[in-house]
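Colleague: Could you take me through one part of this model at close range, with its packing partners, and then set that part within the whole chain?

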Amino acid sequence: MTPNDRGRGLGRAVRNEDRKAEIIQAALEVIAERGYRGASLAAVAERVGLTQQGLLHYFPTKEALLIAVLEVRDRWDMASAALHGTAWPMEMVANLVEYNATRPGVVQVFTVLAGDSVTEDHPAREYFKDRYTRVRRWAADSLRSEYGETLPGGLTPEQAAPLLVAVMDGLQLQWLHDPESVDMPAVFRHFVTLLTPKA
């Protein structure tokens with residue numbers, strides 16, 4: 001293989017990755033608008049100026065595209081670092097909620113897919129089941145790091161972890177419905193004050 005051949009091959013690979021990124025972005029938009037079941041490959045293909053057959057060259061199935069969307073969303077999400085790393089102080093968790101408030105489209109896709117995935121035949125069901133297991137573990141570690149083995153109200157970190165996750169996800173849903181009335185970062189900080197011991 002000559003240097004020119006290698007250069008052409010590298011150029012094709014870069015163009016291929018750019019096109020995939022464009023398709024994933026379009027899929028995010030279509031899923032946010034229509035939900036997973038209503039998001040057809042044809043609609044995604046049309047948005048990026050491809051035929052459905054052309055799109056299948058990059059993602060052979062709708063499920064493959066969905067998994068790519070979820071993986072990219074997790075890479076964008078600051079919380080993905082927490083899923084594989086150490087506990088966060090509550091201030092950092094509050095900063096994550098504030099960061100998510102700047103990305104309504106991404107939050108909307110996550111919320112739509114998380115809701116859709118509760119059905120038994122949904123291709124992302126296992127993904128979300130596994131993700132919530134890891135998020136609850138991370139939440140328990142974060143709460144333990146902040147408050148020790150017993151929270152001010154008497155719960156253990158493991159007992160409180162699903163409540164922390166429920167508040168974060170429930171706030172996202174309310175905020176998506178009515179962002180003018182629900183100040184997601186402020187409300188989350190109010191929640192954290194409920195966990196803080198009184199002086």
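Modeller: The account below begins with the chain as a whole, turns to one helix and its two partners, and ends with the nonpolar cores.

The model is predicted: local features require pLDDT of at least 70 and side-chain atom pairs pLDDT 80 or more, whereas totals for chains, interfaces and linings use all residues. Residues are numbered from 1 along each chain as its sequence is written, and side-chain values use heavy atoms, without hydrogens or water.

The protein chain has 10 helices and zero strands (DSSP runs numbered from the N terminus, helices being H or I of at least four residues and strands E of at least two). Of its 199 residues, 40% count as buried (under 20% relative accessible area with a 1.4 Å probe, protein chains only; exposed is over 50%, partly exposed in between). Among contacts (heavy atoms within 4.5 Å) between residues at least 6 apart in sequence, 63% join residues at least 24 apart.

The part chosen is α6, residues 90-100. Its axis comes within 8 Å of that of α10, residues 184-195, and the two cross at roughly 160° (axes are lines fitted to C-alpha atoms, for helices over the stretch in contact, with angles from 0 to 180 degrees between N-to-C directions). α6 is therefore roughly antiparallel to α10 (over 145 degrees; under 35 is roughly parallel, 65 to 115 roughly perpendicular, the rest oblique). The crossing of α6 with α10 is right-handed (the near helix is turned clockwise from the far one by less than a right angle; anticlockwise is left-handed). On the α6 side, the contact is made by Met-90, Glu-91, Val-93, Ala-94, Asn-95, Val-97, Glu-98 and Asn-100; α10 contributes Met-184, Pro-185, Phe-188, Arg-189 and Val-192. By class, this contact has eight nonpolar, two polar and three charged residues (nonpolar: Ala, Val, Leu, Ile, Met, Phe, Trp, Tyr, Cys and Pro; charged: Asp, Glu, Lys and Arg; polar: the others, Gly among them).

Ala-186 also lies in α10, and at 25% relative accessibility Ala-186 counts as partly exposed. Its C-alpha is 9.2 Å from that of Val-97, although the two are 89 residues apart in sequence.

The other partner is α9, residues 157-177, whose axis comes within 11 Å of that of α6 at a crossing of roughly 20°. That angle makes α6 roughly parallel to α9, and the crossing of α6 and α9 is right-handed. Here Met-90, Val-93, Leu-96, Val-97 and Asn-100 of α6 meet Leu-164, Met-168, Gln-172 and Trp-175 of α9. The residues of the contact of α6 with α9 divide into seven nonpolar, two polar and no charged.

The cores complete the picture. The largest nonpolar core (buried Ala, Val, Leu, Ile, Met, Phe, Trp, Tyr and Cys residues joined through side-chain atoms within 4.5 Å) has 31 residues. Those with the most contacts inside this core are Ile-23, Ile-24, Val-44, Leu-65, Leu-113 and Phe-128. At least two residues come from each of α1, α2, α3, α4, α7 and α8, and α1 gives the most, with nine. Apart from the largest core lies another, of 27 residues, including Met-90 and Leu-96 as well as Ala-140 and Leu-171.
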